[in-house]
Amino acid sequence: MSNGASGQPSAALDPITFEVLRSAFTAICNEMALVVAKTAYSTPVNEGHDFAGGLYDAGGQLVTQGEFDLPAFVGLTLLTVPEVVRAIGLENMEPGDIYMINDPYVASTHCNDIHFVKPIFHEGRLVAFTSSTAHWSDVGGVVAGSLNCAARTHFEEGVRIPALTLYKRGVMNNDIVAILLANMRQSWERLGDLHAQVAAVSAGEERIRVVIAKHGVEAVLTAMAEIQTYSERMARAAFASLPDGRYESEDSVDQDVHTGEKKTIRLTLHIEGDHAIFDLTASDGAAESGINCTIAATTSAIFIGLAAILPPMPMNAGVMRVVEIKATRGSIVWAQPPSGISGLAITSMDATTGATMLAVGKALPERAVGVPSAIVNSTFAGDDTRPTFDAPFINYIWAFGGTGGTKYKDGANNLASPFGASSTNIPCELQERRYPVLFWRHMLLNDSGGAGRTRGGCGLDQLVEPRVPGSLSNITNREKEGPPGVFGGGRGWTSRLFVNAGTESERNLGTFAVNVPVGPGEMLSFWSNGAGGYGDPLERSAESIVEDIRDDYMTIGSAKSQYGVVVKEVDRRRLRYEVDAEVTETLRRKMRAAR
Amino acid sequence: MASSSGMSVDPITYEVLRNAFAAVCNEMALVVAKTAYSTPINEGRDFAGTVYDRHGKLVSQGETDLPAFVGLTMLTVPEVIRAIGLENMEPGDIYMINDPYVASTHCNDIHQVRPIFHDGQLVAFTASTAHWSDVGGVAPGSLNCRARSHFEEGVRIPALKIYRQGVLNKDILTILLANMRESWERIGDLNAQIAAVKAGEARIRALIAKHGLETVLTAMEEVQNHSERLARASWVSLPDGVYEGEDRVDQDVHTGEPKLIKLKLTVAGDHAVFDLTESDTAAESGINCTIAATTSAVFLGLASILPPMPMNAGVMRTVEIKAKRGSIVWAQPPSAVSGLAATSMECVIGCVVQALSAALPERGAATPFSILNTVFAGFDTRPEFQSSFINYVWGFGGLGAVRSHDGANVVGSPYTASTQNIPAELQERRYPVLWRSYGFVQDSGGPGTTRGGVGLIQLVEFPYAVGTISCIGDRERFGPPGIFGGEEGAKAGLVLNRGSENERNIGIFSVNEPAAVGESITFWSAGGGGYGDALKRPVESVLEDVKDEYVTVAAARAQYGVVVNEIDQRALEYQLDLPATEKLRAELREAHARD
């Protein structure tokens with residue numbers, strides 16, 4: 001294997017050693033993730049797996065990410081260490097240092113996502129960096145949980161941390177920790193999160209040292225450069241295999257919370273030979289509320305969309321060499337301080353991912369997919385008055401939803417949005433133990449998947465009762481328009497958040513809520529989206545429809561109205577249904593004609 | 001003069017040093033006034049400079065310091081010592097703190113503390129306190145009366161080392177600047193305070209060089225003993241007994257309920273107990289008082305009966321303050337506090353003045369107005385500016401009447417008695433505002449034998465900028481009470497676009513109300529309470545008030561029972577109708593008696 005475009009000193013690396021090292025690097029990232037999962041105190045981190053571990057070369061270029069990392073971090077981690085290098089200066093880095101950053105405007109999503117970076121020295125020479133990213137449950141601001149969709153500026157969203165030196169030559173700057181803890185809720189949890197991430201980057205360092213000891217520093221450095229070149233080659237090949245052209249798409253955020261206006265993200269994807277340009281310059285200007293995307297999160301969104309067409313490979317700086325992202329500063333996809341951004345993940349970032357998937361799908365219909373749900377991201381916070389607790393709490397209540405239909409398969413039911421695809425569901429039982437909540441229902445929402453030749457996955461119907469008075473905040477999207485389908489597929493259902501649904505005291509909180517008081521005796525209904533369908537629903541086979549009905553994914557009524565398939569219930573308990581083939585054929589013909 | 005250490009200082013040297021300590025404080029204040037960037041500091045003089053002995057006990061304050069800091073500065077350095085530890089203090093260190101719950105008013109008031117070493121021995125501290133224009137949070141200017149917790153109010157800084165052995169902890173500065181608005185101003189404020197404590201140190205060193213260390217240390221101790229003796233003598237001169245005071249904040253912004261503060265002052269021999277334990281529990285909004293601010297409020301009230309003397313730790317030895325943790329006068333984290341100065345703190349002062357007035361009626365005073373702290377912030381569109389701005393627009397008002405005098409018109413409230421009016425012309429130059437009017441509010445002074453001072457009405461227009469208005473004041477619902485039969489002063493208010501179609505009464509508890517180009521605010525402060533029966537006010541004084549336009553002809557009749565006929569207003573010719581006055585006053589007295 002040779003060194004291509006990287007410009008690193010050339011040293012021959014046999015293919016076997018290369019593969020061993022490539023896999024070792026991934027294993028290191030996975031181990032860092034595991035350390036965080038096992039030791040962090042924030043429930044979204046230890047149970048929800050909202051984290052990442054990264055390995056970088058001596059120049060700060062991303063080499064490898066973990067296999068269980070949150071996709072939302074896949075692009076932005078490319079920017080984190082370069083920003084740390086720019087701010088701190090390579091010349092000021094010393095063994096034992098650990099840097100910290102969460103500044104959204106240069107290198108992060110929202111302030112909750114905190115990055116730790118450790119420079120690794122070998123015989124006095126800086127040879128690599130390890131990093132750990134994790135979503136702290138709270139970083140201050142108006143809303144407990146720090147996800148404040150009504151924020152007009154970052155001053156309402158929590159502590160913004162520019163790149164700084166948390167540890168200098170192994171000594172912690174205690175005053176930094178003091179100031180952070182004084183401005184974040186549940187400071188005991190924050191300290192646990194901080195130590196978990198410090199442990200993770202240190203564990204990563206240990207492993208790199210072992211790899212260096214075994215294979216020699218030059219081989220490791222060469223492998224780091226070569227992995228990037230390898231990913232670059234694969235990405236170039238992928239783009240070369242796509243027809244050159246210009247593919248347009250758009251997706252939107254329901255509303256700027258303060259103006260009520262819809263915010264649209266417009267993408268033009270240019271594929272030219274072996275590289276691609278993602279041009280977002282036609283997107284809307286920044287919103288007045290906390291739904292703006294940072295350039296780091298926009299980068300992640302594009303990489304997430306790209307992953308749908310690239311073969312499995314390390315997503316690293318090599319891929320970046322073949323992709324150009326164009327955006328306008330101050331637009332909704334490139335927020336400038338002090339624009340509010342804390343709600344970006346489920347809004348503008350998700351919509352950028354949606355637009356990318358749609359454009360990529362046009363270039364490669366074979367791998368196209370209906371747009372997935374936006375998760376319902378709620379935080380319920382207050383004082384837990386249960387005798388054994390008697391402490392303030394912040395409970396993240398996620399409602400996952402459907403993923404889009406693809407050419408060959410129906411979308412999956414009840415999974416996290418693409419940006420959070422690796423995050424795991426936090427079990428109801430665990431939440432009930434840790435927090436004063438009671439889950440009355442957690443089930444699939446039938447008929448919610450967008451109709452199509454392949455159907456969008458179903459959303460979730462979740463019913464939760466607070467056991468103490470507290471405040472509820474929520475951010476989601478796709479309440480006004482469900483996730484779009486592709487190639488004639490229908491939209492998935494819209495998302496909703498209600499209190500006391502179906503009773504006289506029913507209240508529609510809307511999907512953008514900030515600090516709404518709720519308490520015992522009230523029932524919170526979270527309905528997430530079904531995803532977009534793929535292809536004409538009238539082409540969906542009647543057998544698949546019957547199967548959907550048996551599975552309770554679909555009702556007989558919508559089988560008829562959306563798919564033109566007439567099904568009769570024979571014995572529901574025994575799951576026996578019959579298709580009336582003749583009537584179906586007539587109906588489908590009529591529906592086609594009506595178009 | 002002998003100190004407890006057995007050392008003695010001759011009376012002349014003692015006086016020289018006592019005055020020198022005050023001069024050191026005054027010089028620190030001057031340094032801050034001349035160099036800080038925040039307009040409330042450099043023009044408004046919202047600052048303090050203080051000298052402490054080696055144990056952290058307050059020795060002397062500046063003569064132009066903000067009264068609001070008179071008590072709390074006693075707590076600042078002891079808290080710094082507790083948090084940092086005397087054993088960890090080194091020459092060249094500077095400590096920083098603004099933590100409201102242990103040692104400050106609200107987060108805007110930032111304290112820098114310098115330990116002073118002589119021959120390796122810690123001998124004294126100097127400190128500088130100043131109100132930074134912004135420390136982050138939801139409202140530009142950081143005065144957020146709607147805040148439910150300090151997380152919505154700005155950066156909370158526990159005691160930390162901003163300088164260690166002369167080296168700046170840059171990372172701390174980086175975090176602070178990233179989380180406060182107008183960061184260029186904040187650096188200026190920080191450096192001004194650093195310069196102040198260093199200037200103070202240089203002066204203390206010069207004193208030591210001239211008079212010798214032991215003499216200076218003894219004098220520091222003796223200054224406290226001196227104040228203690230004077231304070232004890234004052235208490236002895238008051239009749240023993242229990243005196244009560246009661247005042248209330250208009251409303252807890254979130255519940256609409258008034259919040260009551262109750263004081264029971266017990267004077268017993270040569271000391272006094274200020275018992276505030278009957279006060280209401282903490283409010284849900286940003287109007288809670290910190291124990292440090294409560295201490296200041298008690299000391300402020302005290303100043304009206306004590307002879308002129310250094311307010312220091314010696315005075316504290318004669319006073320006990322009782323309060324309940326978690327009440328409105330002793331906020332616990334995370335209770336919001338940013339609006340305390342205009343609300344609960346003023347009411348504590350009101351209670352203290354009432355109780356002391358009962359104990360010593362000849363020095364008694366009616367309750368003064370509460371300051372209107374209005375902040376206009378936004379983007380200055382004038383070509384030569386083109387930047388964001390935060391403009392503090394204060395509304396001064398009327399003081400309470402005293403036995404011998406009417407209350408003063410339009411001055412700072414007691415806690416801000418040293419602040420200066422920021423000239424309209426200067427504000428118009430620095431900020432995109434235009435003053436349309438600035439005048440006394442006729443008839444606003446509380447009627448009494450001596451009349452309360454009148455309030456101020458201002459009409460400020462925004463011709464060049466789009467922005468937001470926030471305001472925290474009090475006495476919109478309840479005017480400042482009068483005393484000994486005197487009546488309450490007129491109430492405060494704030495209206496947007498008064499008299500136009502777009503008139504909006506946003507009130508004095510407002511946060512981030514939008515204001516467009518060409519809009520205006522009209523806001524008026526309360527008048528002070530009156531002293532004694534208004535029907536006993538000399539008719540000549542009422543006539544003079546009419547001529548001075550403090551009182552209208554109608555109010556002279558209705559409130560004072562004085563019948564004045566206007567002859568020629570421009571020539572200030574009025575005629576008293578004495579027989580009609582006598583008759584009217586008799587009728588009014590009778591009517592009062594019936595009530």
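Biologist: What makes the crossing of α8(B) and α10(B) left-handed or right-handed?

Modeller: A crossing is left-handed if the near helix is turned anticlockwise from the far one by less than a right angle, and right-handed if clockwise. For α8(B) and α10(B) the crossing is right-handed. Mind you, this is a predicted model: local features need pLDDT of at least 70, side-chain atom pairs count only at pLDDT 80 or more, and totals for chains, interfaces and linings use all residues. Residues are numbered from 1 along each chain as its sequence is written, and chains are lettered from A in the order in which they are written, with ligands numbered from 1 likewise.

Biologist: How many nonpolar, polar and charged residues has the contact of α8(B) with α10(B)?

Modeller: Contact is C-beta atoms, placed from the backbone, within 7 Å. Among the residues making it are Ala297(B) and Gly301(B) of α8(B), and Val352(B) of α10(B). Ala and Val count as nonpolar, while Gly is among the polar ones. The contact has 10 nonpolar, 2 polar and no charged residues.

Biologist: Why are the buried residues of α13(B) said to be on the same side?

Modeller: Buried means 20 or more other C-beta atoms within 10 Å of a residue's own, and Ala556(B), Gln559(B) and Tyr560(B) are the buried residues of α13(B). They cover an arc of only 95 degrees around the axis, so they sit on the same side of α13(B); the arc is taken from the directions from the helix axis to the C-beta atoms. Their cover includes α12 and β20 of chain B.

How values were computed:
Buried ≥ 20, exposed ≤ 12 C-beta atoms within 10 Å, placed from the backbone. Helix = DSSP H or I, 4+ residues; strand = E, 2+ residues; numbered from the N terminus. Contact = placed C-beta atoms within 7 Å.
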